Amino acid sequence: MSVILVGAGPGDPGLLTVKGRQALLEAEVVVHDRLVSPAILALIPPGAEVIDAGKAAARHKIPQEQIDQILLDKARTGKRVVRLKGGDPYVFGRGGEEAALLARHGVDFQVVPGVTSAIAAAAYAGIPVTHRDCCGSFHVIAGHRRAGGPPAIDYEALVRAGGTLVFLMGVAAMPAIVSGLLAAGMDAATPAAVVERGTTPRQRRCLAPLGELMERAAAMAIASPAVILVGEVCSLGTELDWFDRLPLRGRQILVARPRGRALGAELEALGADVWSYPCVELLPIDPCPAMERALAHLTDYAWLAFTSAAGVERCWACLEGLGLDARALSPVKLAAIGPGTARALATHGLTADCLPPVYDARHLGQHLPAEGRVLLLRAAEGSPALPAALEERGIPYDDIAVYQTNCALPPDPALRAALAAGELHGAAFTSASTVRGFVSAAGADADFTGLTGLCIGEQTAAEAAKHGIPVRVAREATIPSLVELAVQTFGDVADKTW
Ligand code: SAH
């Protein structure tokens, strides 16, 4: 019978701790708050029960007593229960109350601290909460009182302490906080800041002297969740700003890739607001007697060629099903369409013997050495350019479909609305099928003109152009090249939105 109280961090999913992540991966029940990012919730195993304790039903949040009861009931089932809270569980998260409740009822618990917004939102806004030159302490203050109404804060004591002040839950009470500090003798010229949705792609910050903070924040319509910072350190906000300077900051980019998190993660690290939108479903053809037969007769072939990591995985699963391992592949040489596919081979201890100079189907067909029959294990909808190139060179081959790609996605009103509102700046396409899936979800009549299609290669770009999507093509067909293209496309624009 135990519960782990886990801090989810302030918003950026990368700020979840290693220990917190492990707890989530092993959870059987998760009770979470409102401010937890979807990318973190995505770590919860599919079979686990997920209870959204921050969910507002008819404008009323689940009352704390009910959350307490849920925690006790779930703990008593003996399942691994995670209580997931925004930021740090013990910083104004009622974590202390919940832990005390568990202790009172004899339920074992552990605490995994989290990165608190009090420090992290400031850091992402270019503000270190302490600095040797100007302050020796920082103070984290609840900006609202339990029963509502203005907070009971000893402003004189805060002003006397002279450290950085960080107010959480303070947006509604901002007038009271500002006037309280001024009345207690704080200089109206004291640097201050408000950071809204800190550490997320939607972060906005407002830097202003304390005396002007209200007006400036109101002009920007700053809303909760936000932290208010007051103190000399806020004057460093311009010089130490790093987040707003990221090249893709403020850009919404859809990643249409069916698998692999690398592309989205790299774009996010460069500041993009990534919309992960798998546009293609990969459906294994299983069982696949044609592949089983071919793998049992590999001496008939000189080369085995792969055009995707998915093809490699299907081949591997089939070998395993036949009770074989990598040694079964010794009669053939291995070809990969590009570095991603070569990496998939490498995870099984296999090195690709041939990669074409340009990473696409046509070039693979043109550069495979003419040494005998070629076995192709790829998608049913694979590009005809590969067999065509082999035929042209008189190279015999067997083209075996080992999975299908379904790109007939149902129309998605949210995607259409984002396109119509011009909110989507880019879409990254890693194959022609991802373009087809995207167009199917958006509707063929959607307005794509405000969007730039970032395409991995010529064939992908041709498909996008066919649907009226303005395109740019990566220098070479690799994920790093595609990321570079995104930076070239969006990196220098002046019309950023925050
Ligand atoms: N335990 C949380 C705080 C919970 S109280 C923590 O350690 O961060 C909720 C308040 O936290 C909000 O009203 C807001 O002031 C602050 N907050 C939470 N997430 C934030 C974010 N991403 N950006 C700015 N403030 C945030």
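This report describes salt bridges in a predicted model.

The count comes to 20 salt bridges. Three of the pairs are set out below, with the separation of their closest N and O atoms.

| Acidic residue | Basic residue | N to O separation |
|---|---|---|
| Asp33 | Arg83 | 3.0 Å |
| Glu98 | Lys85 | 3.5 Å |
| Glu196 | Arg204 | 2.8 Å |

**Asp33 and Arg83**

Asp33 forms a salt bridge with Arg83. Asp33 sits in the loop between strand E2 (29-32) and helix H2 (38-41), while Arg83 belongs to strand E6 (residues 80-85), so this pair ties together parts that are 50 residues apart in sequence. Asp33 and Arg83 are both buried.

**Glu98 and Lys85**

Glu98 pairs with Lys85 in a salt bridge. Here the link joins distant parts of the chain, with Glu98 in helix H4 (residues 95-104) and Lys85 in strand E6, 13 residues apart. Glu98 and Lys85 are also buried.

These residues do not stand as isolated pairs: a network of salt bridges links Asp33, Arg83, Lys85 and Glu98.

**Glu196 and Arg204**

The side chains of Glu196 and Arg204 meet in a salt bridge as well. Glu196 has a relative accessibility of 7%, and therefore counts as buried. Arg204 has a relative accessible area of 23% and is partly exposed, because buried means under 20% and exposed means over 50%. In this salt bridge, then, a buried residue, Glu196, meets a partly exposed one, Arg204.

Technical notes
Residues are numbered from 1 along each chain as its sequence is written. This is a predicted model: local features need pLDDT of at least 70, side-chain atom pairs count only at pLDDT 80 or more; totals for chains, interfaces and linings use all residues. Side-chain values use heavy atoms; hydrogens and water are left out. A salt bridge is a side-chain nitrogen of Lys or Arg within 4 Å of a carboxyl oxygen of Asp or Glu. Helices (H or I, at least four residues) and strands (E, at least two) are DSSP runs, numbered from the N terminus. Buried means under 20% relative accessible area, exposed over 50%, partly exposed in between (1.4 Å probe, protein chains only).
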